[in-house]
Amino acid sequence: MTETIATEPATAPRERTRYLTASGVALWGAQIGQAAVPLTAVTVLHAGAEGTSLLQTALTLPFVILGLPVGAWLDRVRRRPVMIGADLVRAAALITVPVAAWFWRLTMTHLLAVVVVQGVATVFFDLGAQSFVKDLAPGALLARTNARLATITQAAVIAGPPLAGWAAGLLAAPMVLLVMAAGYLWSAGWLSTLTTRERPASDAPRRHLLHEIGEGVGFVARQPVLRTVVIAGSMVNIGIAGVMTLLPVLVLTELGWSEGNLGIFLGAGGVGGLIGAMTAVRLADKLGAGRAVLLVGIAVAPLAIAIPLLGQPVPGSLAAVGWALVMLKVGFDSVLMMTFRQQVTPASLMARVNGTMRVLFTGAVALGAATAGALATASGIRWALGASASFLACVWIPIALSPVRRMTTLGTNP
C-alpha cells in the first residue's frame, strides 16, 4: 500500500482533478435533468402526473434490468472508453429534444425515448466510474477522492434544481437540455485526456455469470445489517421518487408556482442533505453510530407529512423547511449506512454487493415513481403525495427493529 502511493506518478493529482471535473459535470447534468425533463413534459407537452411518472420510471428502469450484467461485463473491459461513449450517447440524445421542440415536433413518445437512452447510457457510465476510480486513486487516496465526489454531488443537489428552474424560466425547459448535452460533451473531453492505466481483469477462472450474481444477492439477503440497509434505503427511494414525480404537477398546475420557485423549494432539500452528510460522522462519534441513525430518523423523518399538505394548510416556506430536514436525514444516512454496509461485507463480495444494492435501490425508485403516478390518477395528487411521504416518515422503523441500532462506532461490527 505504502509503495503504491510512494511511487505514484507525478501526474496522478492532475489525473484525479480531471476525473473529478468530468464526473462533476456528469453529476450536475443528472441533477439538472431530474428537474428539466419533467419541466419540459409539463410546460411544453402539458403532461400530467401519469406522464411525469412514466418519465421517471423510464429513467430508472434500465438500472433494474441491466445493472447486474453490465457490472459483470465492465469487470472484463477497460472502463474509461465505455464512460466516454456513454457521455457521447447522452449528449446526442439530449440534443434531439430542443431541435424537435424548435420545429414543434416534440412528442411524449420522443421524450420518453430520450429518457430511456439516457438511462441505459447512465448505467454504463455510473458502473464504469465506480470501477475506474479505484485505479485512479489507490490506497488511502480512494476515500479522499470519494469524499470530494460526495461534496460535488451534494452541491449539485443543492444548486441543480433551482438552476434548472431559473434556466427553464429564462431559456425554456428544452434549451436547458441542450446545455446538459454540452456538459456531457465537456465530460467526455476531460475523460479522454486521462492517461491512467487500468488494472487488467483478474486471472482467476470465471464461473457462470448467473452463479456469481447469485452469490452477491444471496449474501445481501442473509446478512441482517445489509437487509436493513436495503429496506431503509428502498423506503427512502420510494418516497423521494414519488415526491419528485408529483411535486412539479402540484405546484405548477394547482398552486400556480413558477419553475424558479419549484427549484428553490427542491434546493432547500439539497441544503439539508449537505448538512446531514457533513455532520454524520461527528454526531455518530458522540451518540454511537447506530443510535445516531435511529434518533435523527425519529426526530426529523415524520416532518415529511408536510409535503402533501403544501399550500393547504402548510405554507410553502414552512414546507420547504420540513423538506430540508427530511433530506438532512437522507444525507446523514447516506454516509453512515454506506459505512455499515462496507463493514459487514467481505472484500471478495464488495463489487457484487454494491451491484445488488444499486439494482434494488434503483428498482425502488422505479416502483415509487410508477406507484405515485397510478395513485395520483386513481385518488388525486395529494393522496398520492401522502402515500409517498409516509415512506419517508417511517424510515426509522426498520432501523429500530434491526442490529443497526447497536452499531457503536464506525469500523466496528455490531
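**Exercise 1. The nonpolar patch**

In this predicted model, the largest share of the nonpolar patch, three residues, comes from α4. Task: state which residues make the nonpolar surface patch, and decide whether Trp102 is buried or exposed.

Solution.
Step 1. The patch covers about 600 Å² and is made by Ile95, Val99, Trp102, Phe103, Met175 and Leu178.
Step 2. Two elements, α4 (79–102) and α7 (173–192), each give two or more residues to the patch.
Step 3. Trp102 belongs to helix α4. Its relative accessibility is 66%, and the cut-off for exposed is over 50%, so Trp102 counts as exposed.

**Exercise 2. A residue after helix α4**

Task: find where Trp104 lies, and say what is stated about its phi.

Solution.
Step 1. Trp104 sits in the loop between α4 and α5.
Step 2. The phi of Trp104 is positive, about 60°, although this residue is not a glycine.
Step 3. With a relative accessibility of 80%, Trp104 counts as exposed.

**Exercise 3. The chain as a whole**

Task: state how many helices and strands the chain has, and what share of its residues count as buried.

Solution.
Step 1. There are 15 helices and zero strands in the chain.
Step 2. The chain has 414 residues, of which 50% count as buried.
Step 3. About 18500 Å² of the chain is exposed, and carbon and sulfur atoms supply 68% of that area.
Step 4. Among contacts with a separation of 6 or more, 87% are between residues 24 or more positions apart.

**Exercise 4. The nonpolar cores**

Task: give the number of residues in the largest nonpolar core and name the helix that gives the most to this core.

Solution.
Step 1. The largest nonpolar core has 65 residues, and Phe265 and Phe340 have the most contacts inside it.
Step 2. At least two residues of this core come from each of α2 (12–43), α8 (209–222), α9 (224–254), α10 (259–287), α11 (289–300), α12 (316–343), α13 (350–379) and α14.
Step 3. Helix α9 gives the most, with 16 residues.
Step 4. A second, separate core has 36 residues, including Ala36, Leu106, Val176 and Ala181.

**Exercise 5. Two helices and their spans**

Task: compare the end-to-end span of α14 with the span expected at 1.5 Å a residue, then do this for α8.

Solution.
Step 1. Helix α14 (residues 381–393) has 13 residues and should span 18 Å. Its end C-alpha atoms are 18 Å apart, which agrees.
Step 2. Helix α8 has 14 residues and reaches 20 Å from its first C-alpha to its last, close to the 20 Å expected.
Step 3. In α14 the buried residues include Ile381, Ala384, Leu385 and Leu392. In α8 they are Ile213, Gly216, Gly218, Phe219 and Val220.

**Exercise 6. Salt bridges**

Task: state how many salt bridges the structure holds, and explain what the pair Glu254 and Arg382 ties together.

Solution.
Step 1. Side chains of opposite charge can pair when their charged atoms come close.
Step 2. The structure holds four salt bridges.
Step 3. One of them joins Asp87 to Arg90, with the closest N and O atoms 2.8 Å apart. Asp87 and Arg90 are about one helical turn apart, because three residues separate their positions in helix α4. Both Asp87 and Arg90 are buried.
Step 4. Another joins Glu254 to Arg382, with the closest N and O atoms 3.2 Å apart. Glu254 is in helix α9 and Arg382 in helix α14, so this pair ties together parts that are 128 residues apart in sequence. Glu254 counts as partly exposed at 44% relative accessibility, whereas Arg382 counts as buried at 19%.
Step 5. Asp333 forms a salt bridge with Lys329, and their closest N and O atoms are 2.9 Å apart. Asp333 and Lys329 lie in helix α12, four residues apart, about one turn of the helix. Both Asp333 and Lys329 are buried.

**Exercise 7. Surroundings of Gln118**

Task: decide whether Gln118 is buried or exposed, and name the residues in contact with it beyond its neighbours within four places in sequence.

Solution.
Step 1. Gln118 lies in helix α5 (residues 108–136).
Step 2. The relative accessible area of Gln118 is 8%, under the 20% cut-off, so Gln118 is buried.
Step 3. Leaving aside neighbours within four places in sequence, Gln118 is in contact with Leu59, Arg90, Ala93, Leu94 and Tyr184.

Note on methods. Residues numbered from 1 in each chain as written. Predicted model: local features only at pLDDT ≥ 70, side-chain atom pairs only at ≥ 80, totals over all residues. Heavy atoms only, no water. Buried < 20%, exposed > 50% of the residue type's maximum accessible area, 1.4 Å probe, protein only. Contact = heavy atoms within 4.5 Å. Areas by Shrake-Rupley, 256 points an atom, 1.4 Å probe, with all protein chains shown as cover. Patch = residues over 30% accessible without salt bridge, like charges linked within 9 Å, V, L, I, M, F, W, Y side chains within 5 Å. Salt bridge = Lys/Arg side-chain N within 4 Å of Asp/Glu carboxyl O. Expected span 1.5 Å × (residues − 1). Core = buried A, V, L, I, M, F, W, Y, C linked by side-chain atoms within 4.5 Å.
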